[in-house]
Amino acid sequence: MSRVGNKTIALPEKVSVSVENGNVTVKGPKGTLSQNINPDIKLEVTEGELKVVRPNDQKRFKALHGLYRALVNNMVTGVSTGYRIELEIVGVGYKAVASNNVLQLTLGYSHDIYVAIPTELNVTAVTEKGQNPKVILEGIDKQLIGDVAAKIRSLRKVEPYKGKGIRFVGEKIRRKAGKSASKK
């Protein structure tokens, strides 16, 4: 029994869901998202709630049940409130500049790195005195914003000795002792 798939999705005001030929479209105040789903999986909208129903208890339908419920829930959350990911850049001389959906990163390499951000996302680079530079990604598509954040993070992974690199804000990095600690 799918515990995730059996949960109902609460539809906020100003959010509408339509299903046509295996394509789910969710419209809200922040935008519109659509997703192809298996035509055997049914979506029922009743009194501000959405329920995902599978046709029978075959193994493949059990797997798809929770998946499609999670995808539709992410779409409803995205068009109503949106998603936001903050990345922190730690290191001496590391910088970030955002303009026209292009992110310019100075990460200690011999050259700057330019990352093209999709037009569906908004990117801002914030540098405050005495703090590490931050890159803020905002958008309505959870998959897209996660992919872009992972790509930016992979440009300079956090190393465990000094903690330099790109990390999520609030992420705990497991630090290692250097050579001198092992000799004692």
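Select strands S5 (42-46) and S6 (residues 49-53), which form a hairpin with two residues between them, and then pick out Glu47 in the turn, where phi is positive at about 45 degrees. Strands here are DSSP runs of E of at least two residues, and helices are runs of H or I of at least four, both numbered from the N terminus. This is a predicted model, in which local features need pLDDT of at least 70, side-chain atom pairs count only at pLDDT 80 or more, and totals for chains, interfaces and linings use all residues. Residues are numbered from 1 along each chain as its sequence is written, and side-chain values use heavy atoms, with hydrogens and water left out.

Staying with the hairpin, display the pairing of S5 and S6, which run antiparallel and are joined by five bridges; two strands count as paired if DSSP finds at least two bridges between them. Val45 stands opposite Leu50 of S6. Next add strand S1 (residues 9-10), which pairs with S6 in the antiparallel sense over two bridges, and look for Ala10, whose bridge partner in S6 is Glu49.

Now show the side chains of S6. In a regular strand the side chains alternate between the two faces of the sheet. The covered face of S6 carries Leu50 and Val52, whereas Glu49, Lys51 and Val53 lie on the uncovered one.

Move next to Asn38, in the loop between strand S4 (31-36) and S5. Asn38 counts as buried because its relative accessibility is 15%, where buried means under 20% relative accessible area, exposed over 50%, and partly exposed in between, with a 1.4 Å probe and protein chains only. Leaving aside residues up to four places away in sequence, Asn38 touches Arg60, Phe61, Leu64 and Tyr68, contact being heavy atoms within 4.5 Å.

Then select the open sheet of three strands with the order S8-S9-S10 and antiparallel pairing. Strands S8 (95-99) and S10 (113-116) stand at its edges, each with a single partner strand, so one side of each is left without a neighbour in the sheet. Neighbouring strands of this sheet are turned by 20 degrees against each other on average, direction ignored. Within the sheet, S8 pairs with S9 (residues 102-106) over five antiparallel bridges, and Ser99 stands opposite Val102 in S9.

Finally, colour the two ranges, residues 12-82 and 90-167, that UniProt lists in an unreviewed entry for "domain: Large ribosomal subunit protein uL6 alpha-beta". Over residues 12-82 the chain is 31% helix and 38% strand, with the end C-alpha atoms 13 Å apart; over residues 90-167 it is 17% helix and 37% strand, with the end C-alpha atoms 8 Å apart.

Terms used:
Axes fitted to C-alpha atoms, helices over the stretch in contact; angles between N-to-C directions. UniProt positions renumbered as here; feature names shortened; annotations may be inferred.
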